[in-house]
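Here is a short report on one protein chain. Keep the structure in view and find each element as it is named.

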Amino acid sequence: MALHLTMAAKVLIYEDNESLRESVVTLLEWEGSLEVVGAMSDASFVKKDMLRYKPDVIIMDIEMPHSNGVEATKALRLVDKDVPVLIFTVFEDDENVFNAICAGASGYILKKNLDSLQSSIRDVMDGGAPMSGSIARKVLGFIPKYETKKDPALELLSKRENEILELLVKGYSYKMLASELGISIETVRVHIKSIYRKLHVNSATEALYKVSLGK
């Protein structure tokens, strides 16, 4: 998601712990490149919030009063398929991680890794799929765990497109992909768009999930 250099990226936060929520707001606004447009304790009205605040990225807790971050992510995907949603939670069990990815989360980091939140936001806005180390290992573990028949659509992908998907599974950002493969970021984006078209998906997370099921 490209923004003009003089514009601060708009961040919408959902976190029920008031002390942590205030700390996150302070942390994100400290360097001036991020603007917190809303900090909510509950995600029950996420679709209305999306239309009101028009955020560039969303920080989403999972367990909140009257709402669940995974269900909220599903709901907001009905009004915006592209805005990055970064899950920020204490939960690192398989069920929550898997359900969040299936719901359309763009990344998944743990609250104990608070110091990586700013870099994770930059990564997810650049097309990456940031994850805490333990979460990345779980995601890779889903590949054999949720085995099914190979998706015929995967046969349509070129060798380079398959290479890109494999690197997405490993958590590479677009910049990392470009460096690893010796191509430009724009070329990476062209390949990603081709993959989406062939797999009939709309986000990097959905592509990662689909290739995992196709293994």
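## Helix α2 and its neighbours

The buried residues of α2 pack against four elements: β1 (9-14), β2 (34-40), β3 (57-60) and α3. The model is predicted. Helix α2 covers residues 46-53, and its buried residues are Val-46, Asp-49, Met-50 and Tyr-53. They sit on the same side of α2, because they cover an arc of only 105° around the axis. What does the face turned away from the buried side carry? There we find the exposed residues Lys-48, Leu-51 and Arg-52. Just after α2 comes Lys-54, with a positive phi of about 45°.

## The chain as a whole

The protein chain has 10 helices and seven strands. It holds 215 residues, and 51% of them count as buried. Now take the contacts in the chain with a separation of 6 or more. Residues 24 or more positions apart account for 64% of these contacts.

## The open sheet

How are the five strands of the open sheet ordered? The order is β2-β1-β3-β6-β7, and the pairing is parallel. The edge strands are β2 and β7 (107-110), and each of them pairs on one side only. From one strand to the next, the twist averages 20°.

Two of the strand pairs can be set side by side.

| Strand pair | Direction | Bridges | A residue pair |
|---|---|---|---|
| β1 and β2 | parallel | six bridges | Val-11 opposite Val-36 in β2 |
| β6 and β7 | parallel | four bridges | Ile-87 with Tyr-108 in β7 |

Helices also pack on the sheet. Helix α1 (residues 18-29) touches β1, β2 and β6 (85-89). The direction of α1 makes about 165° with that of β2. Helix α2 packs on the sheet too, touching β1, β2 and β3. The direction of α2 makes about 160° with that of β1.

Look again at the edge strand β7. Are its faces covered or open? Both are covered. Gly-107 and Ile-109 are buried on one side. Tyr-108 and Leu-110 are buried on the other. A general rule helps here: in a regular strand the side chains alternate between the two faces of the sheet.

## Two helices side by side

Helix α3 (residues 69-76) packs with helix α4 (residues 94-103). The angle is about 10°, and the axes are 8 Å apart. That angle makes α3 roughly parallel to α4. Which residues make the contact? From α3 come Val-70, Thr-73 and Lys-74. From α4 come Asn-96, Asn-99, Ala-100 and Ala-103. The residues of this contact divide into three nonpolar, three polar and one charged.

Helix α7 (residues 159-169) has its own set of buried residues. They are Glu-161, Ile-164, Leu-165, Leu-167, Leu-168 and Val-169. Gly-171 follows α7, and its phi is positive, near 90°.

## Two single residues

Start with Gly-128. Where is it found? Gly-128 lies in the loop between α5 (117-125) and α6 (133-145). Is Gly-128 buried or exposed? Its relative accessible area is 6%, so Gly-128 is buried. Leaving out residues up to four places away in sequence, Gly-128 touches Ser-106, Asp-123, Tyr-172 and Ser-173. One of these, Ser-106, is 22 residues from Gly-128 along the chain, and their C-alpha atoms are separated by 7.8 Å.

Now turn to Ala-8. This residue is found in the segment before β1. Ala-8 has a relative accessible area of 23%, so it is partly exposed. Which residues does Ala-8 touch, not counting residues up to four places away in sequence? They are Gly-32, Ser-33, Leu-34, Glu-35 and Asp-56. Ser-33 is 25 residues from Ala-8 along the chain, yet the C-alpha atoms of the two are separated by 4.6 Å.

Definitions and conventions. Residues numbered from 1 in each chain as written. Predicted model: local features only at pLDDT ≥ 70, side-chain atom pairs only at ≥ 80, totals over all residues. Heavy atoms only, no water. Axes fitted to C-alpha atoms, helices over the stretch in contact; angles between N-to-C directions. Parallel < 35°, antiparallel > 145°, perpendicular 65-115°, else oblique. Contact = heavy atoms within 4.5 Å. Nonpolar A, V, L, I, M, F, W, Y, C, P; charged D, E, K, R; others polar. Buried < 20%, exposed > 50% of the residue type's maximum accessible area, 1.4 Å probe, protein only. Arc of directions from axis to C-beta. Pairing = 2+ DSSP bridges.
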